[in-house]
Amino acid sequence: MLQKIIVPVDGSDNSIRALEYAVELGRKFDSTITVVNVTIPYDIAKLPPRIPRNEIEAVKIKEAETEAKRKTALAIAERRVEELGGYGKIKFMPLIGIDPAERVVELSETQDADTIVVGNRGLGTFFAFILGSVSSKLIQLSKVPVILVK
């Protein structure tokens, strides 16, 4: 029980609180923790032919921004774990995917995870209903328990 924990992070305060909680659990249960950040792919090869050069440059800029956000989110998570005194059984992993919740669930299945610990965005019920959220989709899709940290 709780031997393998997955924690998706995006650099937000909520995701870092989830990471802190997961580290606490990890220490109690001697768990292996996998911290992931899912970014959306920007594949220039999939753009239609004869696309204007300025649009290709805009896509390249967006791709670089996405890569920077991924690196920042994982760096923030690594730094926070160090501030908590470190944890030996933790790894940080970038993932690419259109739907972050689906990628996290796929990872939990391939790694045979026991639980997913995720931060709550704190959207109001109206906006959560309209927009949905990664955390609510994880709860729906996951075959393992999802711990929602506020």
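At what angle do the axes of helix H3 and helix H5 cross, and within what distance do they come? Hi everyone, let me start there, and a quick caution first: what you have on screen is a predicted model. The axes of H3, residues 100-110, and H5, residues 134-141, cross at roughly 40° and come within 9 Å. That makes the two helices oblique to each other, and the crossing is right-handed. On the H3 side, the residues taking part are Pro-100, Ala-101, Glu-102, Val-104 and Val-105, and they meet Val-134, Lys-137, Leu-138 and Leu-141 from H5. If you sort that contact by class, you get seven nonpolar residues, two charged ones and no polar ones.

Let me step back to the whole chain for a moment. There are five helices and five strands, and reading along the sequence gives you β-α-β-α-β-α-β-α-α-β. The chain has 150 residues, of which 37% count as buried. For those of you who like contact maps: take the contacts between residues at least 6 apart in sequence, and 78% of them join residues at least 24 apart.

Back to H3, then. Which of its residues are buried? They are Ala-101, Val-104, Val-105, Leu-107 and Ser-108. These residues span an arc of only 160° around the axis, so they sit on the same side of H3. And what lies over them? The cover includes H5, which we have already met, along with strands S1 (4-8), S2 (32-39), S3 (90-96) and S4 (115-119).

Now please follow S4 to Gly-119, which lies in that strand. Is Gly-119 buried or exposed? Its relative accessibility is 13%, under the 20% cut-off, so Gly-119 counts as buried. Setting aside residues up to four places away in sequence, Gly-119 touches Asn-14, Ser-15, Ala-18, Ser-135, Leu-148 and Val-149. There is also a nice long-range pair here: Gly-119 and Leu-19 are 100 residues apart along the chain, yet their C-alpha atoms are separated by 8.2 Å.

Next comes Asn-120, in the loop between S4 and helix H4 (125-131). Asn-120 counts as buried too, with a relative accessibility of 18%. With the same sequence neighbours left out, its partners are Asn-14, Ser-135, Leu-148, Val-149 and Lys-150. If you compare the two lists, Asn-14, Ser-135, Leu-148 and Val-149 appear for Gly-119 and again for Asn-120.

Val-149 brings me to Arg-17, which is found in helix H1. Arg-17 touches Val-149 and Lys-150, once residues up to four places away in sequence are left out. How far apart are Arg-17 and Lys-150 in sequence and in space? In sequence it is 133 residues; in space it is 7.6 Å, C-alpha to C-alpha. Arg-17 itself is partly exposed, at a relative accessible area of 32%.

Let me move over to Lys-4, in strand S1. Lys-4 is partly exposed as well, with a relative accessible area of 36%. Beyond its neighbours within four places in sequence, Lys-4 is in contact with Thr-32, Gln-111, Asp-112, Ala-113, Asp-114 and Thr-115. One of those partners, Gln-111, is 107 residues away from Lys-4 in sequence but 7.9 Å away in space, C-alpha to C-alpha.

I also want to pick out Asp-112 from that list, with a look at its backbone. Asp-112 has a positive phi of about 55° although it is not a glycine. Where is Asp-112 found? It sits in the loop between H3 and S4, and at 57% relative accessibility Asp-112 counts as exposed.

Asp-30 gives us another case: its phi is positive, about 55°, and it is not a glycine either. This residue is in the loop between helix H1 (13-29) and S2. Asp-30 is partly exposed, with a relative accessible area of 45%.

So, to wrap up, three things to look at when you open the model yourselves. Start with the right-handed crossing of H3 and H5. Then look at Gly-119 and Asn-120, which count as buried. And finish on the loops holding Asp-30 and Asp-112. Thanks for listening!

Methods:
Residues are numbered from 1 along each chain as its sequence is written. This is a predicted model: local features need pLDDT of at least 70, side-chain atom pairs count only at pLDDT 80 or more; totals for chains, interfaces and linings use all residues. Side-chain values use heavy atoms; hydrogens and water are left out. Axes are lines fitted to C-alpha atoms, for helices over the stretch in contact, and angles run from 0 to 180 degrees between N-to-C directions. Helices (H or I, at least four residues) and strands (E, at least two) are DSSP runs, numbered from the N terminus. Angles under 35 degrees count as roughly parallel, over 145 as roughly antiparallel, 65 to 115 as roughly perpendicular and the rest as oblique. A crossing is left-handed if the near helix is turned anticlockwise from the far one by less than a right angle, and right-handed if clockwise. Contact means heavy atoms within 4.5 Å. Ala, Val, Leu, Ile, Met, Phe, Trp, Tyr, Cys and Pro count as nonpolar, Asp, Glu, Lys and Arg as charged, and the others, Gly among them, as polar. Buried means under 20% relative accessible area, exposed over 50%, partly exposed in between (1.4 Å probe, protein chains only). The arc is that of the directions from the helix axis to the C-beta atoms.
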